[in-house]
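Here is a friendly walk through one protein model, from its strands to its cavities. Keep the 3D view open as you read.

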Amino acid sequence: MHDDISLTVGRVTRVLTERIRPAIHTDSVPFEVAFHALPGEPIPAAEGLALDYEPYAVGTPWGPAWSTTWFRLRGRVPQAWRGRRTEAVVDLGFDVGMPGFQCEALVYRADGSPVKSINPRNQWIPVGDGAEIEFFLEAASNPTLTGFQPTNEGDVRTSSPAPLYTTRRMDLALFDQQAYELMLDLDVLLELQAALPGSGPRRMRILQALDNALDALDLQDIAGTAAAAREQLRDVLAAPAEHSAHRISAIGHAHIDSAWLWPVRETVRKVARTATNMAELLELDPDFRYGMSSAQQYAWLKEHRPEVWEQVVKAVSDGRFIPLGGMWVESDTVMPTGEAMVRQFTYGQRFFREEFGVECQGVWLPDSFGYSPALPQLMRRAGFRWFFTQKISWNQVNKFPHHTFLWEGIDGSRILSHFPPMDTYNSQLSGAELARASSQFRENRVASGSIAPVGWGDGGGGTTREMAGRAVRLRDLEGSATVRWEHPNDFFDRTRAEVENPPVWVGELYLELHRATLTSQHRTKQGNRRSEHLLIEAELWAATAAVRAGLPYPYDEIDALWRDVLLHQFHDILPGTSIAWVHREAVAAYARIREAAEELIGRAQRALVGEGDREIALNPAPFSQNGVAALSAARHEKKSGMPLTNGIVSVTISDDGLITSAIDIATGRDAIAPGMEGNLLQLHQDFPNMWDAWDVDRFYRNRVTDLRAVESLERGPDRVTIVRAFGNSRVKQTLTLAPGSRMLRIDQETDWHETEKFLKVAFPFDIRAEYVAAETQFGYQKRVTHTNTSWEAAKFETSMHRYVVVEEPGFGAALVTDSTYGYDQTRTATTTTVRLSLLRAPRFPDPETDQGLQTCSYGLVIGAGIAEATEAGIAMNLPLRVVSGDHGFEPVVSVEGDGIVISAVKLADDRSGDLIVRVYESLGRRATGTLQVHTGVVDVRTASLLEQPAGPTVRTGEIPLRLTPFEVLTQRITFGRPVP
């Protein structure tokens, strides 16, 4: 029996490959081809069509890395072909891999209108009814960078000038519809039988039908006998699915990375290529629906490809091209601040609302590298009703126990969530995928189906007509899951009705993979952290200056800067996993953002303090700093330095520059464990099994070098400066203890020239902590310090924002940072060691990752709990500013109440002049307090994160606050006079 099955499968496979697929495009005639190779960056389509073209012979190499070549194709449909479907077939030198990782092209008509794109899995172009044919191809020769080996091809500045590709075919060809349909029939049935068990009757009848079809097929006359062969398959294709068959809700999809193994400028073109193909497929198949996320990608089309934008606008208005996700980009969700995550939602939803009149109901994030436990609340408060992802299926150790479930965040908010059980966001609707979805679906007892994002992704490409053809055959087919094109909203509505008591997952969705994304490309991460805080500060001072001094609020400038920051939070940029070109441009973008934000801040501050030569200290933090009230200004008095003891804490630095004690004077407790040393730099060998920039594997800990050697050490009245040399690198650290502070600050400069190494800094605390608390958006998450189960053991590298706290009853310590996101923790019976992750040196996809001068700052806060760590972390990232002026000023708002923190003060996005104030509970407990507005007020309303009023109006300048643990609350304040 097995031999019979193998014979049939082998027979069908060979006939499909060698006879039927080649017969889809039969007779052909070559185009007359001309070309123009651009010397630099891409140009608009109108300019490309007007170029001077010279003759080109098919088979000639073309296209150095990252270059653009315009091809002109001219031809005439032979008289004998008139009335029959004709297509252009173009092979630019494709390999058989995924689209988006090699050469590709967007095809235009002579009038500049886009036709569709071509790639390795989509080489055809519709010709239409005219006899004279002229196409223009904007062909990108992007290098293939998927080998995971170090390469200089990842930047146009270092890539080879040699041509990468050689064209194989540029023809007009007849399209044989029957051969095409036969190919799909055989393909679907071949995959279906492979997914069916043993020698059951359904499988055997399919195999017999396949044999019968090939018996009816004349291999020398495919066109003439394809219909007869299809007739032999009619009955097995018509057999309906079982009533209980798993239901696949398919949505066309092309997860286009906003940058990764290509620069941002190339993503603009990838989006245009894919969107054009999807518009074409929507015309071909009336049942097809396509979903695209990321408002940024739509905005690129509007700005750079207006001819494609017109197609998209029409398709969206028809309800079949579906904006998904409600975010500016599919961002990383672990590292951005709470305010940045809010802006991902506000800028995304605002774009979709203004351009299309729609708002997304769900958050669509199939490929981000883990998900913050703060997200459920933020999604719900932004008005979202569901969440979709897939990436947790990549876990190394533990299989996630649910596919449809409620996800509960740190504040108790829950959101209906779904992972597709076929474990891919690039579904081809293959038999294996459908079988996997049916068998793996964890909620089969109560739910009818799952989602399938269908199409080539990452580099774009989207759904093909072959996939759409499979969907037609799989709509109702015995032995298979059923397939329907469906809006994800409809899937979640049905699921909500079916699953009355969904299982609940509490806390972060930690990805047991890609843990090194918390550290790779430190300059990118540092730029993100500084940019976020600069924009939060710019909004504060601009809003204060608008209210206090009548200075017009810079809406457009702030919007542009936020959008740039949000773009660079994309989940292959901020995590440090893109090519060198991407990170080079990211660092340059952050420099521009910093300069522009500083200008906005300076402009507002000058309006607030007036002209003068007095030193005025301005405090952008929501806590007092050095006697300066939160969100305001005061006369500044210089204070003299003191040694590394200040009456509050006392720190001892050994002759080799390590912290041997850090004593809280009031309690006498030493934060550093006896006989151990803090601020110990440690160097690990770091060569993961795969995914260099993404991964750090557990075995990296097996080899470690403590960096104790001191090149120089200088002691001053209030600081110690240490220089160490190791390998090819040097580190300079300056340790400072400010008057009245519990924090020992360490400012570090590293001239980093290591390869495949991981630099950490260790602090062994004399604290028996059951857990550590690491800041996340608008709160913190607890992580246990033991490894009782495989779930805890897998979290050997985890995330923080501005602080991590180690605490036992009565005493604690914290580490705070200005640009570090990764850390680890280990515990003995009495000692808890926390290590910050400072630098890595992976070689793919950027062989020069982190090389050169790096800076960072972190601090040891002695005798600290969550409250002290929150204040110290914010102060490190929003330090005092000293400016020259005439006077101080009163803050527009202030807050009273333990644990209540002001997160943002800004004017409303709708430009009404209303003031938006966002607060959150930071300690993880219930809190009461008052938000005071120090100016005239007409009314105050609670608002959603999208700034839409969501509560009753009150008329007061003192707003009572009652917050549950980690609750985020947005207040919208209307003044009695216009605010510019």
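In which sense do strand 13 and strand 20 pair, and over how many bridges? Strand 13 (residues 247-252) and strand 20 run parallel to each other, with six bridges between them. One of the bridges brings Ala250 together with Ala452 of strand 20. Strand 20 covers residues 449-454, and because six of its six residues are buried, it is largely enclosed by the rest of the structure.

A word on how to read this: the model is predicted, so local features need pLDDT of at least 70 and side-chain atom pairs count only at pLDDT 80 or more, while totals for chains, interfaces and linings use all residues. Residues are numbered from 1 along each chain as its sequence is written, and side-chain values use heavy atoms, with hydrogens and water left out.

The terms used above have these cut-offs. Buried means under 20% relative accessible area, exposed over 50%, and partly exposed in between (1.4 Å probe, protein chains only). Helices (H or I, at least four residues) and strands (E, at least two) are DSSP runs numbered from the N terminus, and two strands pair if DSSP finds at least two bridges between them.

**A small sheet**

Three strands make an open sheet in the order 25-26-27, with antiparallel pairing. Its edge strands, strand 25 and strand 27 (669-670), each pair on one side only. Strand 25 (residues 649-653) has alternating side chains: Val649, Val651 and Ile653 point to one face and are buried, whereas Ser650 and Thr652 point to the other and are not. Five antiparallel bridges link strand 25 to strand 26 (residues 659-664), and Ser650 stands opposite Ile663. These two strands form a hairpin with five residues between them, where Gly657 in the turn has a positive phi of about 80 degrees. Strand 26 is joined to strand 27 by two bridges, and there Ile663 has Asp670 as its bridge partner.

**Overall build and cores**

The protein has 19 helices and 51 strands, and 63% of its 980 residues count as buried. The largest nonpolar core (buried Ala, Val, Leu, Ile, Met, Phe, Trp, Tyr and Cys residues joined through side-chain atoms within 4.5 Å) has 198 residues, of which Trp70, Phe321, Phe345, Trp407, Val893 and Leu915 touch the most other members. A second, separate core of 44 residues includes Ile672, Val720, Val731 and Leu838.

**Cavities**

The structure holds nine cavities of 30 Å³ or more. A cavity is a set of points, on a 1 Å grid over the protein atoms alone, where a 1.4 Å probe fits but cannot get out; lining residues have an atom within 4 Å of a point. Grid points are joined across faces, edges and corners, and a volume is the space filled by probe spheres set on the points.

| Cavity | Volume | Closest to its centre |
|---|---|---|
| Largest | about 310 Å³ | Glu339, His533, Ile536, Arg802 and Ser903 |
| Second largest | about 200 Å³ | Val334, Phe369, Tyr510, Leu518 and Ser799 |

Helix 15 gives the most to the lining of the largest cavity, with six residues. For the second largest cavity, strand 35, strand 36 (779-784) and strand 37 (798-799) each supply at least two lining residues.

Conventions. 1 Å grid on protein atoms, 1.4 Å probe; cavity = no way out; pocket = protein on both sides within 12 Å on 5 of 7 lines; lining within 4 Å.
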